[in-house]
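Colleague: Could you take a close look at one loop residue for me, and then walk me outward from there through the contacts and cysteines? I'd like to picture how the part sits in the whole.

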Amino acid sequence: MVPKPTKDCTRCGVCAAECPVQAISKEDPKKVDEKACISCMRCIAVCPQGARKVNPVMLSAASLMLKKVCSERKECELFL
């Protein structure tokens with residue numbers, strides 16, 4: 001899931017400056033290198049305009065998958 005800029009993006013560059021893998025172009029913050037993006041969602045968290053979003057269908061699918069996998073407590077395992 002790669003966060004995309006919406007029409008509310010003002011190209012302020014905060015997201016590009018905060019991206020830990022430099023997947024957002026500093027020259028044009030609306031451009032995202034989808035192969036470099038690690039989907040950490042920092043750009044969504046730091047955007048002062050709230051102008052970055054994730055596809056709601058993909059977000060819902062990921063949420064359902066995680067809910068299923070994380071619904072019950074798991075025992076600790078040690079692999080050597």
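Modeller: Happy to! In this predicted model, N55 counts as partly exposed, because its relative accessibility is 43%, which lies between the 20% and 50% limits for buried and exposed. N55 belongs to the loop that runs between β2 (52–53) and α3. If you look back along the chain to C40, 15 residues away, you will find that the C-alpha atoms of N55 and C40 are 15 Å apart.

Now follow the chain into helix α3, which covers residues 56–69 and holds L59. L59 is also partly exposed, at 45% relative accessibility. Together with M1 and M58, L59 makes a nonpolar surface patch of about 270 Å².

For the buried side of the picture, turn to the largest nonpolar core, whose six residues are C15, A16, C19, A23, I24 and C43. One of them, A23, touches K31, V32, D33, A36 and C37, leaving aside residues up to four places away in sequence.

With so many cysteines in view, you may wonder about disulfides: the model holds zero. C47 is in none, and the nearest cysteine sulfur, that of C12, lies 5.8 Å away. A pair would have to come within 2.5 Å to count. C47 is buried, at 16% relative accessible area, whereas C70 is exposed, at 56%. The sulfur of C70 has its closest cysteine sulfur in C76, 14 Å off, and that is too far for a bond.

Charged pairs are there too: the model has three salt bridges. In one of them, the side chains of K4 and E34 meet at 2.3 Å, N to O. This pair links distant parts of the chain, 30 residues apart, with K4 in strand β1 (residues 4–5) and E34 in the loop between α1 (14–18) and α2 (42–46). Both partners count as partly exposed, K4 at 39% relative accessibility and E34 at 46%.

Another salt bridge joins D28 and R11, with 3.4 Å from N to O. D28 sits in the loop between α1 and α2 and R11 in the loop between β1 and α1, so this pair ties together parts that are 17 residues apart in sequence.

Finally, D8 forms a salt bridge with K7, with 4.0 Å between the closest N and O atoms. Here K7 is exposed, at 76% relative accessible area, while D8 is partly exposed, at 42%.

Note on methods: Residues numbered from 1 in each chain as written. Predicted model: local features only at pLDDT ≥ 70, side-chain atom pairs only at ≥ 80, totals over all residues. Heavy atoms only, no water. Buried < 20%, exposed > 50% of the residue type's maximum accessible area, 1.4 Å probe, protein only. Patch = residues over 30% accessible without salt bridge, like charges linked within 9 Å, V, L, I, M, F, W, Y side chains within 5 Å. Areas by Shrake-Rupley, 256 points an atom, 1.4 Å probe, with all protein chains shown as cover. Helix = DSSP H or I, 4+ residues; strand = E, 2+ residues; numbered from the N terminus. Core = buried A, V, L, I, M, F, W, Y, C linked by side-chain atoms within 4.5 Å. Contact = heavy atoms within 4.5 Å.
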